[in-house]
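Welcome! Have the chain open beside you as you read, and look up each residue as it comes along.

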Amino acid sequence: MTIRSIRNKTGLQPVVLLLNRVLYSPLQLPRLTNARSLGTLAFEEVRSEKPHTFTAFVLHGLLGSGRNWRSFSRILNSSLSAYSPPSDWRMVLVDLRNHGKSAEIDSLFPPHDMFNAAKDLANLVKSQGWDWPDAVIGHSMGGKVALQFAESCVNGDYGQSAQVPKQLWVLDSVPGKVNHEDVDGEVEKVLQTLQGLPKDVPSRKWLVDHMIDLGFSKSLSHWIGSNLKKSGEQETWAFNLEPAIQMFNSYRETDYWSLLEKVPKGTEINIVRAENSDRWLPDVLQRLESLDSHVSDDNMGKVFVHVLPNSGHWVHVDNPKGLLEIVTPRIAAMA
């Protein structure tokens with residue numbers, strides 16, 4: 001696939017000006033719809049009133065849900081509509097198995113791993129009668145689900161009709177195996193904390209205060225609190241914790257370096273590393289730099305590596321404007 005350059009005589013300034021206008025001006029935001037077929041993943045759609053030409057799946061990370069990405073997806077959708085030339089996109093915000101409203105679905109059977117989480121996406125496409133997505137944007141664990149989805153398309157796991165996405169966005173997600181002895185980061189500490197809490201908690205405020213008292217940041221604590229739902233007089237989790245941990249273990253054990261080393265023709269994989277993230281070891285960074293610097297091969301796709309400044313792992317919370325400045329021009333180039 002040929003990627004049009006977004007640079008001109010003034011560099012990236014037009015992109016920045018456009019995003020500033022979208023971020024800080026009153027907008028007619030794209031509408032949000034909810035839908036689900038029996039036995040398939042729950043999802044929401046962010047789209048304008050006009051017919052869409054392109055579709056992107058947006059995949060949240062561990063313990064999250066599609067709604068965590070509503071604001072970012074709306075602004076991205078508006079940015080693409082305002083770009084030159086404009087393009088009409090539909091953003092499908094998916095609740096992965098054991099997360100959000102998909103946690104209520106009994107027919108998403110184990111094993112709870114990356115392979116089945118990606119297969120759920122293919123089943124959603126088929127059940128809705130949709131075209132295959134043009135782009136898949138995945139954060140953290142969702143990034144590896146995106147990689148597995150592409151790999152399964154290549155391997156024919158979803159049948160001959162399946163098409164590999166033209167773009168994958170892997171947001172602060174290490175593409176290879178994560179050794180257990182190498183990890184003692186924030187995500188692991190969050191899981192350990194949640195496993196030690198009762199299933200029902202008194203209130204969202206109690207949880208947020210408790211997480212802050214344990215040393216977690218205010219923004220992360222509020223994000224954890226946003227994943228509670230009312231259950232009588234108590235609050236309970238909007239995810240299935242133990243199966244979600246099984247998914248996280250699969251995330252750490254799966255390896256997609258072979259996909260990155262031989263990207264299918266017509267596809268580009270964009271890896272976004274958060275500058276302040278705690279999960280990027282030197283050998284991983286060196287391997288990524290090697291892939292990013294490969295000489296272009298007309299028979300293969302391409303890997304691009306981006307660094308998101310002033311951001312930790314929760315990229316859409318820490319620096320959403322910076323993330324939009326990275327993502328928007330590359331997706332717009334697909335039109």
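Let's begin with Thr40, which is buried, with a relative accessible area of 8%. Thr40 sits in the loop between strand E1 (31-35) and strand E2 (43-47). Keep in mind that this is a predicted model, with a mean pLDDT of 87 for the protein.

**Two buried loop residues**

- Which residues does Thr40 touch, once its neighbours within four places in sequence are left aside? They are Ile105, Asn123, Leu124 and Ser127.
- Asp95 belongs to another loop, the one between strand E4 (89-94) and helix H3 (114-128).
- Asp95 counts as buried too, because its relative accessibility is 8% and the limit for buried is under 20%.
- Beyond its neighbours within four places in sequence, Asp95 is in contact with Leu41, Ala42, His60, Ser65, Gly66, Gly100, Lys101 and Ser102.
- One of these partners deserves a second look: the backbone nitrogen of Lys101 lies 2.8 Å from a polar atom of the Asp95 side chain.
- Asp95 and Asn68 are 27 residues apart in sequence, and their C-alpha atoms are 9.9 Å apart in space.

**Strand E2 and its partner**

- Strand E2 is mostly covered, with 5 of its 5 residues buried.
- In a regular strand, side chains alternate between the two faces of the sheet.
- On one side of E2 you will find Phe43, Glu45 and Arg47, and on the other Glu44 and Val46; all are buried, so both faces are covered.
- E2 pairs with E4 in the antiparallel sense over 5 bridges, and Val92 in E4 is the bridge partner of Glu45.

**A sheet of three strands**

- An open sheet is formed by 3 strands in the order E7-E9-E8, with antiparallel pairing.
- Why is one side of E7 and of E8 left without a neighbour in the sheet? Strand E7 (200-201) and strand E8 (228-231) stand at the edges, and each has a single partner strand.
- E8 and strand E9 (residues 234-237) pair over 4 bridges, in the antiparallel sense.
- Within that pairing, Lys229 has Thr236 in E9 as its bridge partner.

**Helix H10 and its two sides**

- Helix H10 (residues 282-292) has the buried residues Val284, Leu288 and Leu291.
- These buried residues lie on the same side of H10, because they cover an arc of only 60 degrees around the axis.
- Turned away from that buried side is a face with the exposed residues Pro282, Asp283, Gln286 and Glu289.
- What do the buried residues of H10 pack against? Their partners are helix H9 (257-261), strand E10 (268-274) and strand E11 (302-308).

**The nonpolar cores**

- The largest nonpolar core has 68 residues, of which Leu59, Leu63, Phe149, Leu194, Ile224, Leu260 and Ile269 touch the most other members.
- Another core, of 28 residues, lies apart from it and includes Ala56, Trp169, Leu308 and Met334.
- Not counting residues up to four places away in sequence, Leu260 touches Leu147, Pro175, Ile269, Ile271, Leu288, Leu291 and Val303.
- Among those partners of Leu260 are Leu288 and Leu291, which you met as buried residues of H10.

**How confident is the prediction?**

- A pLDDT of 70 or more is reached by 85% of the residues.
- Over residues 1-14 the pLDDT stays under 50, and the model has 17 contacts beyond four places in sequence for this stretch.
- Residues 24-28 also have a pLDDT below 50, with 5 contacts in the model beyond near neighbours in sequence.

How values were computed. Residues numbered from 1 in each chain as written. Predicted model: local features only at pLDDT ≥ 70, side-chain atom pairs only at ≥ 80, totals over all residues. Heavy atoms only, no water. Buried < 20%, exposed > 50% of the residue type's maximum accessible area, 1.4 Å probe, protein only. Arc of directions from axis to C-beta. Contact = heavy atoms within 4.5 Å. Core = buried A, V, L, I, M, F, W, Y, C linked by side-chain atoms within 4.5 Å. pLDDT = per-residue confidence, 0-100. Pairing = 2+ DSSP bridges. Polar contact = N/O pair within 3.5 Å; in protein donor to acceptor, adjacent residues only side chain to side chain.
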